Amino acid sequence: MGEEIEKRKSDRILEAIKKRLDEKQTIQVEEKKVELVVFTLNDAFYAFYGKDVKEILSVLTIYFVPGTPKYILGIVNVRGDIQSVLNIRTFLNIPEQGLTEGKGRIVIAEKNGVRSGVLVDSVVDVVEVPEESIKQAISTLNEEIRYFVVGETTYKNNNVVLLDIGKVFEKISEGKIEPSAEIPNK
Amino acid sequence: MSGVETKSNRESDQVSDDEIRLLIFKIMGVCFGADMEQIEEMVDFSQAQQEDWDIRNFTEAISFRDIEVEYKKPKVILIKDSDQDVGIVIDQPENIVNINIKSIRLLPPLLENHKTVDAIWAAVFLGEELALLVDFYRLQNSLPKIENQKLLENSEDAEVESN
């Protein structure tokens with residue numbers, strides 16, 4: 001009888017351990033994380049999904065190409081290959097602001113087979129955040145801008161707008177961006 | 001060919017099968033390269049005005065956006081084998097170089113698909129500089145005719161003439 005009680009006790013202990021493990025796994029599944037590349041434009045924080053970012057370069061000489069739309073800043077030499085560089089401010093309606101010397105970065109992004117550089121003011125960090133921490137973008141965002149926004153999260157108490165670079169490429173491919181769109185100077 | 005007698009020009013008159021000979025010129029700091037095989041001759045702008053040429057402006061076909069383009073020393077290139085004598089106005093060439101075709105780089109697809117003119121067809125690095133390759137045959141069809149006097153404003157030729 002006492003042996004049976006011991007067995008039951010051991011069963012209970014084993015069950016408790018298994019339960020704890022299951023809960024831990026559940027928590028791990030629930031806390032699925034995503035990598036974000038956090039960057040700034042005019043002191044505001046934005047991010048791309050890390051999986052879409054191929055490399056981050058110091059600002060190289062950007063060669064202007066006449067006969068191209070305003071959202072294409074030009075082309076750069078990336079180890080002998082030529083990459084286009086986009087002015088993402090055009091899409092987000094952000095005023096132009098001169099780069100602080102040595103701080104500007106070109107984020108080389110690729111999605112759905114399209115690859116291009118994007119000029120940003122600075123790359124702040126590459127972080128992993130729980131997927132569930134990405135909330136829906138605030139409803140006050142302009143509808144045109146919201147098209148490019150996946151959601152919002154926080155980084156060191158700063159609000160971060162997560163952008164879908166694929167949507168930017170898609171918009172360009174659809175030719176829906178006004179080529180002569182003027183960006184107001186700050 | 002007048003005005004571009006450079007060292008590299010004299011030393012490399014021969015072009016092998018895997019090379020292209022480029023006339024290098026800049027407009028508002030943007031470097032261009034044009035295939036010498038497409039060029040019949042080049043003359044000063046004032047001289048071209050005396051010829052019965054259809055003179056057209058390079059920068060009116062290839063938009064520099066809101067940049068007000070000024071030519072420092074305008075030259076006119078006569079396109080070879082053109083149905084009509086088409087002269088294209090460029091700025092004073094800097095050099096003539098032979099480039100191995102392997103060093104020619106395609107434009108990125110995103111840019112290739114959204115440029116407004118197809119005359120810029122590739123690019124090549126010349127040391128630290130990047131030259132955009134221009135096809136004058138493609139360009140000539142999209143060039144509007146210009147008012148000659150308007151072009152001369154602000155150019156050094158105009159200053160010489162006024163003196």
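Two strands count as paired here if DSSP finds at least two bridges between them. Keep that in mind as you click around; the model on your screen is a predicted one.

**Stop 1: chain A as a whole**

Select chain A and colour it by secondary structure. You should find four helices and ten strands. Follow the chain along its sequence and the pattern reads α-β-β-β-β-β-α-β-β-β-α-β-β-α. Of its 186 residues, 43% count as buried. Now switch on the surface: the accessible area of chain A is about 10,800 Å², and 48% of that belongs to carbon and sulfur atoms. Take the contacts between residues at least 6 apart in sequence, and 59% of them join residues at least 24 apart.

**Stop 2: the five-stranded sheet of chain A**

Next, pick out strands E8, E1, E2, E10 and E9 of chain A. In that order they make an open sheet with mixed pairing. Which strands stand at the edges? Strand E8 (122–130) and E9 do, and each has a single partner strand, so one side of each is left without a neighbour in the sheet. Turn the view a little: neighbouring strands of this sheet are turned by 35° against each other on average, direction ignored.

**Stop 3: zoom in on E10 of chain A**

A quick reminder before you zoom: strands of a sheet pair through backbone hydrogen bonds, either parallel or antiparallel. E10 lets you look at both kinds.

- Select residues 44–49 (E2) and 158–163 (E10) of chain A: these strands pair in the parallel sense over four bridges. To see one bridge, click A:Tyr46, whose partner in E10(A) is A:Val161.
- Now add residues 149–155 of chain A, strand E9, which pairs with E10(A) in the antiparallel sense over six bridges. A:Val149 stands opposite A:Leu163, and A:Thr154 has A:Asn159 as its bridge partner.

What lies between E9(A) and E10(A)? The two strands form a hairpin with two residues between them, and A:Lys156 takes a positive phi near 45° there.

**Stop 4: over to chain B**

Finally, select chain B and look for its open sheet: six strands in the order E7-E1-E2-E10-E9-E8, with mixed pairing. Strand E7 (93–100) and strand E8 (104–105) stand at the edges, and each has a single partner strand, so one side of each is left without a neighbour in the sheet. Then highlight residues 30–35 (E2) and 129–134 (E10) of chain B: they run parallel, joined by three bridges. Click B:Ala34 and you'll find B:Val134 of E10(B) opposite.

Conventions
Residues numbered from 1 in each chain as written. Chains lettered and ligands numbered in written order. Predicted model: local features only at pLDDT ≥ 70, side-chain atom pairs only at ≥ 80, totals over all residues. Heavy atoms only, no water. Buried < 20%, exposed > 50% of the residue type's maximum accessible area, 1.4 Å probe, protein only. Contact = heavy atoms within 4.5 Å. Areas by Shrake-Rupley, 256 points an atom, 1.4 Å probe, with all protein chains shown as cover. Axes fitted to C-alpha atoms, helices over the stretch in contact; angles between N-to-C directions.
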